[in-house]
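Here is a short briefing on charged side-chain pairs. Look at the model first, then read the notes.

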Amino acid sequence: SKLFPMMKAVVSTQSTGRDTLSNFLDVVCKDVVREPPLLPITNEDLPRGTTLKNDARRDISCRGFYTPLDRTFLDVRVLHPNSPSNAKKPLAGMYKTHENEKKSKYMHRVDQVEKGNF
């Protein structure tokens with residue numbers, strides 16, 4: 001299919017972005033982990049929309065990003081503003097949409113279960 005090479009490039013771009021950011025974080029942070037698994041959900045009362053899967057992962061986690069001991073979880077997302085799905089949206093709106101989507105899926109879980117920053 002003609003779509004497959006394009007999808008491969010998108011996955012490769014996201015992986016490359018994650019790996020590049022991870023390498024930079026290795027220089028300034030401690031305990032940098034690529035695709036760390038999140039702790040399983042037990043009895044936490046999390047808002048609707050939060051990812052509840054036991055095999056959920058973030059792109060990167062590290063210590064020392066904001067404060068020396070806190071664990072921070074980072075998400076890498078590739079955004080193509082000229083793609084057909086984004087062509088008519090303002091750039092600030094695209095960034096806000098992606099940020100809100102990630103927050104609704106992971107922020108409360110990272111905060112309440114992992115006791116980390118997102």
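The notes below cover salt bridges, grouped by where the partners sit.

This is a predicted model. The structure holds 10 salt bridges. Side chains of opposite charge can pair when their charged atoms come close. Three of the pairs are described here, including Arg34 with Asp19, Glu101 with Arg77 and Lys96 with Glu99.

**Helix α1 to strand β1**
- Arg34 and Asp19 form a salt bridge, with 3.6 Å between the closest N and O atoms.
- The pair links distant parts of the chain: Asp19 belongs to helix α1 (residues 3-28) and Arg34 to strand β1 (residues 30-34), 15 residues apart.
- Arg34 is partly exposed at 39% relative accessible area. Asp19 is partly exposed too, at 22%.

**Helix α2 to a loop**
- Glu101 and Arg77 meet through their side chains in a salt bridge, 3.2 Å from N to O.
- Glu101 sits in helix α2 (residues 91-114) and Arg77 in the loop between β3 (71-74) and α2, so the bridge ties together parts 24 residues apart in sequence.
- Glu101 has a relative accessible area of 34% and is partly exposed. Arg77 is partly exposed at 32%.

**Within helix α2**
- Lys96 pairs with Glu99 in a salt bridge, the closest N and O atoms being 3.9 Å apart.
- Both residues lie in helix α2, three residues apart, about one turn of the helix.
- Lys96 is partly exposed, with 43% relative accessible area. Glu99 counts as partly exposed at 32%.

**Network**
- Arg18, Asp19, Arg34 and Glu35 are joined into one network by salt bridges that share partners.

How values were computed:
Residues numbered from 1 in each chain as written. Predicted model: local features only at pLDDT ≥ 70, side-chain atom pairs only at ≥ 80, totals over all residues. Heavy atoms only, no water. Salt bridge = Lys/Arg side-chain N within 4 Å of Asp/Glu carboxyl O. Helix = DSSP H or I, 4+ residues; strand = E, 2+ residues; numbered from the N terminus. Buried < 20%, exposed > 50% of the residue type's maximum accessible area, 1.4 Å probe, protein only.
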